[in-house]
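Biologist: Could you walk me through this one before I start looking at it on my own? I'd like to go topic by topic.

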Amino acid sequence: GHEVLTATDGVEALDVLEKERIRLVITDWVMPRMDGLELCQRIRKGPFSRYVYMIILTARDTKVELVAAMEAGADDYVTKPFDKSELDVRIRAGERILKLETDLEDRNKRLSNALSIIQRDLEAAAKMQKDLLPCPGCSLPGIAYDWIFLPCSFVAGDTFNFLNLDESHLGFYLLDVAGHGVPAAMLSFTLTKTLSSLSFPGNPLKNLSAESGHYEILSPASAMRELNRIYLADDETMQYFTMIYGIVELESGIVTLCQAGQPHPIHMTGGGRFFLIGQGGFPIGIHSEADFDECRVQLEPGDRLLLYSDGIPDCTDAGGNYYTVERLVETLERWQHLPLGDLTKKVEDSLRSWRGGDEFEDDITLLIMERTSV
């Protein structure tokens with residue numbers, strides 16, 4: 001049931017193997033020019049894309065020689081004079097192994113193709129997610145900003161943005177969906193689209209007034225309560241998120257903030273003073289009765305406000321030590337005289353140095369804004 005090709009020695013056998021897709025070899029041990037052991041070694045080291053099953057036939061029957069044959073790469077060992085039925089059984093065993101090898105190779109190819117498709121899809125999703133972020137290094141009327149966004153995988157559960165609520169109010173947020181990978185990124189993407197659709201009914205940041213027929217801006221705390229109602233996690237997914245949402249009165253520089261489980265924002269005054277603000281708050285989507293408090297910050301021209309995800313203070317070094325908010329403040333104090341773009345670069349360099357590389361356990365997200373005019 002096989003097509004049989006013969007070779008007079010190992011050299012000729014290698015030549016045949018290079019030209020023909022042979023999967024099973026029966027070789028004598030003693031041969032001219034190249035013996036069976038060397039043939040096994042050359043086959044195992046050769047550039048063959050397939051697995052070749054090898055059986056050695058020999059009159060040598062000691063344990064030492066059996067070990068030598070197996071170490072050379074032989075799969076089986078039959079002593080002479082051999083019984084034809086025994087050799088047939090050994091060949092059948094080889095066929096089963098080769099079939100398993102072929103099946104495994106086919107599965108690996110399918111997995112590799114599937115992985116390539118998944119990777120392409122994730123890269124496309126990552127680009128779509130990044131395209132939703134504000135333009136780096138740009139500015140808005142009265143506000144300059146810059147940011148750091150380092151997902152720990154292809155896609156991130158963190159996101160942030162600015163929203164022109166009306167001519168005199170600018171909204172901004174930073175949120176962090178619990179967990180990592182695709183599920184967190186899908187909710188993050190959904191939230192971004194929901195928050196950016198300011199003129200559509202049901203937007204949690206603006207409410208259509210029945211009296212005026214116009215959309216009215218909801219306070220940050222009211223917006224958080226509405227988001228908590230919409231995205232209350234079910235028992236199966238338990239998918240929640242932390243968030244900070246603020247509204248800037250562009251003329252006065254007054255910022256009203258609501259914090260829902262996010263790390264404390266940092267207020268950097270133009271005079272070089274630093275304040276942690278906010279009360280912490282409860283994450284969104286966990287408890288239906290959760291309530292949210294507001295705080296106010298006066299941004300004078302030159303003042304900066306910094307928001308960040310917990311991936312920054314929780315970033316660990318090789319020894320498992322946390323980066324901490326205190327170290328973040330120290331870095332900001334050291335480089336506070338720099339423009340926003342240079343300052344964020346220094347913070348990013350500090351995080352990479354602390355981590356000891358470019359791979360992080362959690363998404364690294366930071367948004368910093370500066371009031372530029374009255």
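Modeller: One term first, as the strands come up straight away: two strands are said to pair if DSSP finds at least two bridges between them. Please also keep in mind that this is a predicted model.

Biologist: Fine, so how many bridges join β1 to β2, and are the two strands parallel or antiparallel?

Modeller: Five bridges join β1 to strand β2, which covers residues 53-58, and the two strands run parallel. Within that pairing, T27 stands opposite I56 in β2.

Biologist: And what does the chain pass through between β1 and β2?

Modeller: The chain crosses from β1 to β2 through helix α2, residues 36-45, and this β-α-β crossover is right-handed.

Biologist: Which side chains of β1 point to which face?

Modeller: The side chains alternate along β1, with V25 and T27 pointing to one face, where they are buried, while L24, I26 and D28 point to the other face and are not buried.

Biologist: What about the loop after it, anything odd in the backbone there?

Modeller: R33, which is found in the loop between β1 and α2, has a phi near 65°, a positive value in a residue other than glycine. R33 counts as exposed because its relative accessibility is 63%, and the cut-off for that class is over 50%.

Biologist: Which other residue has a positive phi although it is not a glycine?

Modeller: T324 has a positive phi of about 70° without being a glycine, and T324 lies in helix α7, which spans residues 324-334. With a relative accessible area of 26%, T324 is partly exposed.

Biologist: While we're on the backbone, where is there a cis peptide bond?

Modeller: The peptide bond from K80 to P81 is cis, with omega near -10°, and P81 sits in the loop between β3, residues 76-79, and α4.

Biologist: Changing topic: how much space lies in the largest pocket, and which residues lie nearest its centre?

Modeller: The largest pocket holds about 870 Å³ of space. Its lining consists of 28 residues, of which V4, L5, I22, L24 and V25 lie nearest the centre. Among the elements, α1 (10-19), β1 (24-28) and α4 (84-131) each supply at least two residues of that lining.

Biologist: How does that lining divide by class?

Modeller: By class, the lining of the largest pocket has 14 nonpolar, five polar and nine charged residues.

Biologist: And the second largest pocket, what lines that?

Modeller: The second largest pocket, with about 150 Å³ of space, is lined by L122, A125, M128, Q129, V155, V182, A185, M186 and F189. The elements that contribute two or more residues to this lining are α4 and α5, the latter covering residues 181-196. Eight of the lining residues are nonpolar and one is polar, with no charged residue in the set.

Biologist: Back to strands, then. What is the strand order in the open sheet?

Modeller: The open sheet of six strands has the order β4-β5-β16-β15-β12-β13, with antiparallel pairing. Its edge strands are β4 (139-140) and β13 (274-276), each of which pairs on one side only. Inside that order, strand β15 (residues 304-308) and strand β16 (residues 364-371) pair in the antiparallel sense over five bridges, and Y308 stands opposite L366 in β16.

Biologist: Why is β6 described as largely enclosed?

Modeller: Strand β6, residues 158-166, is largely enclosed by the rest of the structure because seven of its nine residues are buried, and buried means under 20% relative accessible area.

Biologist: What does β6 pair with, and how are the two strands joined?

Modeller: β6 pairs with strand β7, residues 169-177, in the antiparallel sense over eight bridges, and a hairpin joins the two strands through two residues. One of the bridge partnerships is that of N164 with L170 in β7.

Biologist: Last one: I217, where is that and what is I217 in contact with?

Modeller: I217 is in strand β9, residues 215-217, and is partly exposed, with a relative accessible area of 28%. Leaving aside neighbours within four places in sequence, I217 is in contact with L165, D166, H169, L205, K206 and I247. As for Q129, the C-alpha atoms of I217 and Q129 are separated by 26 Å, and the two residues are 88 residues apart along the chain.

Conventions: Residues numbered from 1 in each chain as written. Predicted model: local features only at pLDDT ≥ 70, side-chain atom pairs only at ≥ 80, totals over all residues. Heavy atoms only, no water. Helix = DSSP H or I, 4+ residues; strand = E, 2+ residues; numbered from the N terminus. Buried < 20%, exposed > 50% of the residue type's maximum accessible area, 1.4 Å probe, protein only. Contact = heavy atoms within 4.5 Å. 1 Å grid on protein atoms, 1.4 Å probe; cavity = no way out; pocket = protein on both sides within 12 Å on 5 of 7 lines; lining within 4 Å. Points joined across faces, edges and corners; volume = space filled by probe spheres on them. Nonpolar A, V, L, I, M, F, W, Y, C, P; charged D, E, K, R; others polar. Right-handed = clockwise from strand over helix to strand, strands pointing away.
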